[in-house]
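Q: I should like to learn how to read the main features of a protein model, beginning with its sheets. Could we work through one example together?

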Amino acid sequence: MSRHLRSIEELGVDGIRTLLDLAGHMAEVNRRSIPKVPALRGKTVVSLFFEDSTRTRLSFETAAKRLSADVMTFSASSSSANKGESLRDTVETLDAMGIDAVVVRHKSSGVPWQIARWTDASIVNAGDGWHAHPTQALLDCYTIRDRLPGRRFDDLHVAIVGDVKHSRVARSDVAALRALGARVTVVAPPTLLPPSLDGWGVEVSHDLDAVVGARGSDALDVAYVLRMQLERQEQALVPTLREYTSCFGLTPERAARLPDHALVMHPGPMNRGVEIAPEVADSPRSVVTAQVANGVAVRMAVLYWLLGSGADLAKEAE
Amino acid sequence: MSTTLVLKGGDVVDQAGRRRADVVVVDGMIAAVGPDLDAPTGAQVLDAAGCLVSPGLVDLHTHLREPGKEEAETVETGSRAAALGGFTAVLAMPNTTPAIDSAAMVREVIELGRRASLCDVYVSGAITVGRGGERLAPLAEMAALGVRFFTDDGNGVQDTRLMRRALEYASGLGVTLAQHCEDDALCAGGVMHEGEWSSRLGLAGQPSEAEELMVLRDLALSRLTGARVHFQHLSTRRSVALVREARAAGLPVSCEATPHHFTLTHAECASYDPVFKVNPPLRTDADVAAVKVGLGDGTIDAIATDHAPHAPHTKELPFDQAPPGMLGLETALALALTELTLPVEEVLALLSWRPAMVGGMAERHGGPVTPGRAANLAVVDPAHEWVVDPNALASKARNTPYAGRRLRGRVRHTVFGGVAVVVDAEAQR
């Protein structure tokens, strides 16, 4: 049985901690003058992206190359998927070539579970529908741990602001942060929350002003802003984007009311001026660029954890 | 040349109760029923020891896929699956390609059923042209060919005014309109039951209320027009309660429920296996419990399979893109015997004589098992245990959600029109 990384729930809290620690070692590799180790030499990683996401794909491919894996890229727009080939045929074709891991992105929730039935390779979920984006959650947790040194997760309060309903990032971040013990408040109009939050272990607010201005035991440590899809206003989920920004946008005024130490995070790509003001995105408390940088280290950790020999990384690196 | 068949050593079960009796069938008709009858020379004798001899089962909800999707099922393969499941009558749904919305299409499917000759294939007609929900289909022309049941199944008729007109018109023909209850606007984009699991799995939901709204609307229309309405595949706790209340108030309504809605819940979707995608969707434990109560207290008239074959390459898609539907004909009886805590007589009532009444098939199907009646019978071994193997099914498709499940109760023989079409669980045609 191959090991997979399909969701935070499958990984569990011990797995999260293992990968965050491993990512720390990978970050050290990335600081070297030649940021490359032979750990996955001879391994083949396929990036199978049915949905455009240049940044996530490049992050994974960079991670694989720094571990000396061979990388094959399948992008749906220029491939057999456009000629009507089924998902199953595509996966079985890749499998026949002899591959070790498939990094998959698909607009439909659950695809990583389906394709695991058709290949022996390890599956890495690079985002499935509204469901999960576990490497994003890991890099977010890594970034929080790195930028709030000395703080424990079970002492942190994170607000996730925006379109939780349609967000795989929100689902995976909630799962990871709750597993690590953090307090999580989701902030959105009811139309942008899932129909049920049973079992999520989160608090709910529809008042961003109250959440950013909270002090004492309710004070925020992280304001995590989700991308607002422009088409949501056409589905009667919000009346207008302007109204969304005025109620749920992280404006300079709201950011100024956050506690001094609080971080601002965003999974990218940002709609500047919609869910986050440009001044806030570029302010010192914003760690958006660090998230991207840490993404490479976290994805190296994931690939190494899935495909590595199990030997000590330091020895592998020699 | 007369043909004689004897079912020996079983207990006859029908609406008159249960008694030890052999059944002698001559030329398609039941000739004698009684204990320890002698088999005439030359008669085919089928062992029924330890078995129940029941009127053949009747399915009010079968998708045979022909014409249009012969890759998934044909009238012949579906009829064979039906016979193996103990059914001697099925009601073919009209959502074929093209839809069964004209006399010509009705004739074609009836003829395909006659040719297969494994069970009676009754045909339901579409309420609206092309099941498009815009114009009434020629109900009278189809009724003249014997069609007694009309539905746009797969779709509910959304337009309230059109549904009112359809009910009024149908009441003049003495036919029944059946509804797939789903408010499209409220369900838009939904691929599973809306709730805890859809939220967690990141799949768009179909709220229970989308079904209940249409049940409520059609109860109002039945009251307004006095016309009969049959509710197909009810799946929610409140739908069952609404129908219970309406029946108590004397409205002329009937309803059915499927085996999957009393055996599976939305938690199954966590595997993202599209074999669990069905419409109406699998719902909650409370809904499953309420369907069981409705089956037990008489609110629900019939267990109907909603047998919906899909070829593997069309079903093995991402969950949100896969077509809804699951196989049902070959597992329905065993699921009912295994999962319902009802006496076997009541299970058979729900699968045979009550649906035969609702579907207007009581002349030939659903018993009683008495001399002079057409010999459409199922011989059921209620104790036989078996494990569902998708590859062993007679249906062309493989989309059963019960692969690997251990069930109790099996159809041993099926007699259709006096002919043993299934003997010892093997199809003879």
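Q: In which order do the strands of the open sheet of 7 strands in chain B lie, and what pairing does this sheet have?

A: The model is a predicted one. A sheet is read from one edge to the other. Here the order is S3-S2-S7-S18-S19-S20-S21, all in chain B, and the pairing is mixed. Strand S3 (17-20) and strand S21 (426-427) of chain B form the edges, each pairing on one side only.

Q: How many bridges join S19(B) to S18(B), and how many join S19(B) to S20(B)?

A: Each pair of strands is read by its sense and its bridges. S18(B) and S19(B) run antiparallel and are joined by 8 bridges; S19(B) and S20(B), also antiparallel, are joined by 3 bridges. B:Val415 can be followed through both pairings: in S19(B) it stands opposite B:Leu377, and its counterpart in S20(B) is B:Ala420. The hairpin of S19(B) and S20(B) has 2 residues between the strands, and B:Gly417 there takes a positive phi near 60°. Further along, strand S20 (residues 419-423) of chain B pairs with S21(B) in the antiparallel sense over 2 bridges, with B:Val422 and B:Ala427 as bridge partners.

Q: How many of the 11 residues of S19(B) are buried, and which helix lies across S18(B) and S19(B)?

A: Burial is counted residue by residue along the strand. In S19(B), 8 of the 11 residues are buried, and the strand is thus mostly covered. Helix H11 (residues 332-339) of chain B lies across strand S18 (377-387) and strand S19 (406-416), running at about 135° to S19(B).

Q: Which domains does the assignment give for chain B, and which strand gives the most to the side of domain 1 that touches domain 2?

A: A domain may be built from separate stretches of a chain. The domain assignment gives domain 1 of chain B as 4-53 + 372-387 + 401-427, and domain 2 as 55-358. Their C-alpha centres lie 28 Å apart. The contact takes 23 residues from domain 1 of chain B and 27 residues from domain 2 of chain B. On the domain 1 side, the elements that give two or more residues are strand S2 (11-14), S18, S19 and S20 of chain B. S19(B) gives the most, with 7 residues. By class, this side has 15 nonpolar, 4 polar and 4 charged residues.

Q: What does the side of chain B that touches chain A have by class?

A: The size of an interface is often given as the accessible area lost when the parts come together. Here one may list the residues instead. The contact between the chains takes 19 residues from chain B and 21 residues from chain A. On the chain B side, the largest share, 5 residues, comes from helix H6 (residues 196-201) of chain B. That side has 6 nonpolar, 8 polar and 5 charged residues.

Q: What is the strand order of the open sheet of 5 strands in chain A, and which residues does A:Val161 touch?

A: The same reading applies from edge to edge. The order is S7-S6-S5-S8-S9 (chain A), with parallel pairing, and the edge strands are S7 (203-205) and S9 (263-265) of chain A. Strand S5 (residues 157-161) and strand S6 (residues 183-187) of chain A pair in the parallel sense over 5 bridges; A:Val158 has A:Val184 as its bridge partner in S6(A). Not counting residues up to four places away in sequence, A:Val161 touches A:Val187, A:Ala188, A:Leu208, A:Ala223, A:Tyr224, A:Val225, A:Leu226, A:Phe248 and A:Leu250.

Notes
Residues numbered from 1 in each chain as written. Chains lettered and ligands numbered in written order. Predicted model: local features only at pLDDT ≥ 70, side-chain atom pairs only at ≥ 80, totals over all residues. Contact = placed C-beta atoms within 7 Å. Pairing = 2+ DSSP bridges. Helix = DSSP H or I, 4+ residues; strand = E, 2+ residues; numbered from the N terminus. Axes fitted to C-alpha atoms, helices over the stretch in contact; angles between N-to-C directions. Domains from an automatic or database assignment. Nonpolar A, V, L, I, M, F, W, Y, C, P; charged D, E, K, R; others polar. Buried ≥ 20, exposed ≤ 12 C-beta atoms within 10 Å, placed from the backbone.
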